[in-house]
Amino acid sequence: MPARSAIPYEEKWAKKLLEESIFESDPDPRRQKVFVTFPYSYQNGPLHVGHGFTATRVDMYARYMRMKGYNVLFPWAWHWTGEAVAGTAERLRRGDTTVLKMLKEIDKVPEELLPNFTDPAFISRYYTNDNREVVKLMGFSIDWRREFHTSDLHPYYSRFIEWQYRTLYELGRLRKGSHPVVWCPRCESPTGDHDRLVGEGVSPVEFTLVFFKLEYGEAYLAASTLRPETIYGATNVWVRPDASYVEIELDGVRIIVSREAFTKLREQHKNLVDTGKTVDGGSLIGRYCTTPITGRRLIILPAEFVDPNLGTGVVYSVPSHAPYDYAGLKELKLRPEVLKQYNIDQAVLEMLAPVNIISTPGMPPHPAIEVVERAGITVSTDPRLEDLTQEIYSREFYEGVLNELCGEYSGKTVKEARDLVKARLLKERLGSIMYDLPQPVICRSGDRCLVKIVEDQWFVTYGDEDWKQLVRMHITENMRIYPEGARQWFLNVVDWLRDWPCTRKTGLGTRFPFDRSWIVETLSDSTIYQALYTVSKYLNNGLVRPEQLRHEVFEYIFRGQGERDEVSRQTGIHPELLDAMKMEFEYWYPVDLRVSAKELLPNHLTFYIFQHVAIFPPDKWPRTVGINGMVRIEGQEMHKSRGVFVSLKEAIARVGADATRLAIILSAEDMDDPDWKWKNAEDVRRFLDSFLKIVEEYVASSIDAEWKEADVWAISRLRQVVEEVEQSLNILKTRTAASKILYEMHNLWRKYLRRRADSLGPAAKTLVEAWIKMLSIVAPFTAEEAWSRLGNEGYVAESRWPVIERPINNEVLLRDEVLDSVIEDIRSITQSTKKKPSKIYIYVSRKSMIPIIKRIAEKWDVIAQRGYNSIIGEMVKIEDIEKSKLPIIAKRLFEMMHGYIQRYSAETIMSVVEREFDLYLANREYLESECGGSIQVLRSEEVEYDPMGKVTTAVPLRPGIYSELV
């Protein structure tokens with residue numbers, strides 16, 4: 001079914017904006033450019049509200065900068081590369097009913113088209129066509145002339161990727177070799193992050209195998225560890241009693257590992273022999289073995305927390321530093337029946353004293369014991385142990401130093417000792433290496449992946465230290481990153497990033513130029529495609545044919561290499577056309593803003609920076625990156641296979657595009673995860689409907705031309721809101737910006753009407769037009785509809801961002817705040833008594849207090865540090881103040897000044913103080929309307945009626961208030 005909006009005017013404006021191509025952007029040397037991008041989405045399903053969240057953030061910024069006068073380019077493309085689509089087709093060919101059900105029930109694929117879904121190209125084309133209409137209906141300000149999709153099903157895209165990888169090879173950033181990769185046995189290919197159903201972001205982890213010689217036998221127990229230096233603190237070895245183990249020969253050494261580990265090791269070691277001998281886990285319990293290097297005799301104990309699927313299924317225990325190990329020993333001591341089952345004397349466990357081997361600043365000698373005891377953990381399967389382990393290991397790794405129990409490694413940092421101990425174990429043939437996945441990874445083919453050492457594989461050399469150093473420098477010194485906290489995350493990724501396998505055997509993609517039996521994998525063909533946007537309009541309109549796109553063309557356009565006339569002669573592309581494309585690239589590049597979900601930071605976004613740094617000169621490197629969270633659905637993690645999924649198409653059909661945009665934008669910013677809730681979307685929909693009613697009421701109203709205090713206040717507050725929205729958008733605080741546009745402006749408008757007794761004054765037009773303009777960046781169709789109903793020509797999207805010429809009147813703003821404070825105090829009285837006021841007395845403080853306010857303001861820095869008691873000395877001199885009330889009065893003065901002095905000058909505060917009586921008198925009608933009773937304003941010096949003694953504690957800008965209630 002075609003995409004439809006629940007709101008008819010949205011379809012009307014979407015059509016108009018597209019027909020008039022108002023978002024098409026060409027170079028204009030007279031204007032400063034802004035180039036924004038959104039990571040293209042995989043075309044294996046409908047776009048969901050998560051895509052909508054990130055793209056709306058980009059679009060908000062694009063629309064804002066366009067209204068600020070910048071020449072803005074926001075292009076769009078589609079990702080077909082990888083196993084995502086091919087995996088769906090393969091699973092359908094295998095009769096996977098889960099996929100079939102998702103296609104029918106969630107993706108709403110017509111029944112008659114399902115037989116075609118065994119063809120990856122058909123799937124990609126189907127979703128691209130459907131999603132394109134959804135993107136248009138979402139109102140994103142796209143230049144559609146630059147659209148393309150990936151893979152060799154799009155000829156000029158594959159030519160671009162071939163150029164990219166030939167260039168990387170020439171630059172020495174591409175090489176062939178052996179490397180551990182995440183491997184799908186069915187596809188017989190490396191499985192990149194976006195070729196996975198489960199386990200995105202999971203990478204191979206290197207374990208050190210530590211060989212413990214079994215007593216009364218020739219074999220060794222091969223324990224796997226990430227921290228070989230902790231061998232000095234080992235007290236026992238753990239195995240899982242119900243697991244199956246096998247004896248194998250690795251490089252001539254007979255070792256015992258879990259059956260699952262044997263399957264993995266076969267993919268990583270050539271010199272591996274299956275001896276055919278199996279070992280029951282339970283038969284190992286109670287036996288003894290000897291540690292390498294230290295020669296200590298250790299007992300083998302049972303542990304349920306040992307996972308035979310992780311590492312070798314054998315773990316040595318370091319209870320001083322490993323929470324799992326201490327919890328395991330603690331649990332075992334409380335289960336004498338288990339010890340009895342394996343004929344283990346309880347006294348043996350009592351002798352296993354934790355051995356502290358690492359000194360870490362700020363941590364106790366036995367950190368694992370402290371955190372486990374503090375958490376009250378009594379079983380080794382408690383899920384909290386994982387976080388506690390990460391906390392201790394992280395601090396020890398970066399700050400810890402080995403102590404005197406560690407022999408020749410004493411005084412070494414944990415980081416240094418880890419590598420030194422590993423090297424010694426390998427040299428003395430007392431250990432080996434194994435790669436494993438810390439979490440399950442499932443390929444989109446549906447098969448479980450493992451780690452394989454692949455030979456003759458091609459890699460992008462992200463591990464090169466000289467390359468890393470350039471990237472670190474750019475991230476640290478040149479890039480803007482929002483939120484700022486993501487900067488360190490980027491740097492951490494750069495530190496641990498290794499060479500990346502850039503090819504695979506199956507799925508859609510571009511054939512690798514140096515070996516066409518391989519395909520450039522998903523994350524490797526999506527790093528610098530933003531450059532292609534700058535020239536794609538020339539390729540889409542047929543001015544350049546794909547076969548003309550030789551290596552020399554891209555080199556000339558993107559890297560300034562070669563002579564124009566020679567490139568023209570070789571390719572047949574007209575010299576002026578070559579120059580036009582080169583000029584377009586030079587004008588638009590670099591990318592000014594790229595926004596993406598945080599799941600892409602450890603891979604795509606980091607690769608994006610690396611490859612730009614390698615291929616382009618520094619002035620073309622990325623300028624700004626924004627990171628956001630990942631959308632949840634009604635509090636749950638979005639997961640299509642579980643039915644926890646909301647497509648943009650469905651959301652638009654139910655509440656409209658503008659409400660969809662706002663509902664997700666208003667739910668989070670920075671890296672917090674937004675939460676899609678239908679109720680919130682419906683509430684926003686009602687708000688937009690009420691906004692249009694406000695516009696209609698404004699159009700139907702007559703305007704009073706007289707400027708009143710309410711008009712001056714409204715314009716001043718409007719200027720503040722506009723500036724606050726700008727400040728938020730400049731640092732990608734999109735939720736804050738949207739909230740101010742909707743709710744701050746709504747509150748401003750309502751208060752303006754109340755302060756003018758529901759009449760409209762000269763500020764009204766400025767307020768309404770500025771509100772519509774700001775609203776257009778986040779709810780474009782509603783804004784266009786409102787703009788039209790005002791009778792304005794053209795599109796609000798093409799208008800200028802509101803500029804409020806009238807300066808902010810701080811005195812009027814403070815006067816308004818004082819009125820709000822009085823209203824709040826009166827309401828608190830009525831709310832506490834649950835009675836209505838019939839008459840309200842406002843007692844303005846004595847004039848004798850005015851000089852003390854001035855002195856407090858002049859000495860505020862000192863008084864703020866000392867507290868309100870420091871004011872009492874100044875007040876003792878005032879004769880008409882009741883001395884018993886001095887502490888109360890001093891506190892009220894301090895609180896009043898603290899609330900205002902940070903935002904208003906002393907001169908402004910004094911000006912309002914000196915005319916406080918007139919303030920209440922001039923706004924008596926407004927106060928009566930807000931508070932529901934008649935108001936009488938009195939000077940404290942003239943008061944005769946004060947039944948509650950409120951005059952005695954009245955201070956400037958905090959009057960005494962008494963209400964007669966009925």
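**Pockets, sheets and odd backbones in a predicted model**

Let me start with a pocket. The lining of the second largest pocket has 8 nonpolar, 2 polar and 7 charged residues. Its volume is about 390 Å³. In total, 17 residues line this pocket. Nearest its centre lie Ile106, Lys108, Ser647, Lys649 and Glu650. Two elements give two or more residues each to that lining: helix 5 (120-138) and helix 23 (648-655). Helix 23 has the largest share, with 3 residues.

Before I go on: this is a predicted model. Please keep that in mind throughout.

Now the overall picture. The protein chain has 966 residues, and 58% of them count as buried. It holds 37 helices and 34 strands. The C-alpha trace spans about 105 × 85 × 55 Å along its principal axes. Take the contacts with a separation of 6 or more: 77% of them come from residues 24 or more positions apart.

Next, closed space. How many cavities of 30 Å³ or more does a search of the whole structure find? The search finds 1. The volume of the largest cavity is about 60 Å³. Its lining consists of Ala14, Leu17, Leu18, Phe23, Lys136, Gly139, Phe140 and Phe781. By class, that is 6 nonpolar, 1 polar and 1 charged. Helix 1 (residues 8-19) gives the most to this lining, with 3 residues.

On to the cores. The largest nonpolar core has 155 residues. Which of its residues touch the most other members? They are Trp76, Trp676, Trp749, Tyr752, Leu893 and Tyr920. Look at Tyr920 on the screen. Leaving out residues up to four places away in sequence, Tyr920 touches Val818, Leu819, Val822, Ile842, Val844, Leu927, Val937, Leu957 and Pro959. Apart from this core lies another, of 73 residues. Leu168, Val460, Val471 and Leu605 are among its members.

Now two sheets. One is an open sheet of 4 strands in the order 7-6-22-24, and its pairing is antiparallel. Strand 7 and strand 24 (500-501) are the edge strands, each pairing on one side only. In the middle, strand 6 (residues 174-184) and strand 22 (residues 450-460) pair over 9 bridges. Strand 6 and strand 7 (residues 189-190) pair over 2 bridges. Those two strands form a hairpin, with 4 residues between them. In that turn, Glu188 has a positive phi of about 55 degrees.

Trp183 is a good place to look in this sheet. Trp183 stands opposite Leu450 in strand 22, and it also stands opposite Pro190 in strand 7. Over at strand 24, 2 bridges join it to strand 22. There, Phe459 stands opposite Pro501.

The second sheet is open as well, with 3 strands in the order 2-4-5. Here the pairing is parallel. Strand 2 (41-42) and strand 5 (148-149) are the edges. Strand 2 and strand 4 (residues 77-79) are joined by 2 bridges. Tyr42 stands opposite His79 in that pairing.

Last topic: backbone geometry. Most residues other than glycine have a negative phi, and most peptide bonds are trans. So what departs from that here?

Start with the peptide bonds. Tyr482 and Pro483 are joined by a cis peptide bond, with omega about -5 degrees. Pro483 lies in the loop between strand 23 (480-482) and helix 16 (486-496). Another cis peptide bond joins Tyr589 and Pro590, with omega about 10 degrees. Pro590 is in the loop between helix 21 (575-588) and strand 27 (593-597).

Then phi. Ser151 is not a glycine, yet its phi is positive, near 85 degrees. Ser151 sits in the loop between strand 5 and helix 6 (155-170). Is Ser151 buried or exposed? Ser151 is buried, because its relative accessible area is 0%, and buried means under 20%.

Leu957 has a positive phi too, of about 65 degrees. Its loop runs between strand 33 (934-939) and strand 34 (960-965). Leu957 is buried as well, with a relative accessible area of 0%. We have met this residue already: Leu957 is one of those that Tyr920 touches.

That is the tour. Questions, please.

Methods. Residues are numbered from 1 along each chain as its sequence is written. This is a predicted model: local features need pLDDT of at least 70, side-chain atom pairs count only at pLDDT 80 or more; totals for chains, interfaces and linings use all residues. Side-chain values use heavy atoms; hydrogens and water are left out. On a 1 Å grid over the protein atoms alone, a cavity is a set of points where a 1.4 Å probe fits but cannot get out, and a pocket is an open set with protein on both sides within 12 Å along at least five of seven lines; lining residues have an atom within 4 Å of a point. Grid points are joined across faces, edges and corners, and a volume is the space filled by probe spheres set on the points. Ala, Val, Leu, Ile, Met, Phe, Trp, Tyr, Cys and Pro count as nonpolar, Asp, Glu, Lys and Arg as charged, and the others, Gly among them, as polar. Two strands pair if DSSP finds at least two bridges between them. A nonpolar core is a set of buried Ala, Val, Leu, Ile, Met, Phe, Trp, Tyr and Cys residues joined through side-chain atoms within 4.5 Å. Buried means under 20% relative accessible area, exposed over 50%, partly exposed in between (1.4 Å probe, protein chains only). Contact means heavy atoms within 4.5 Å.
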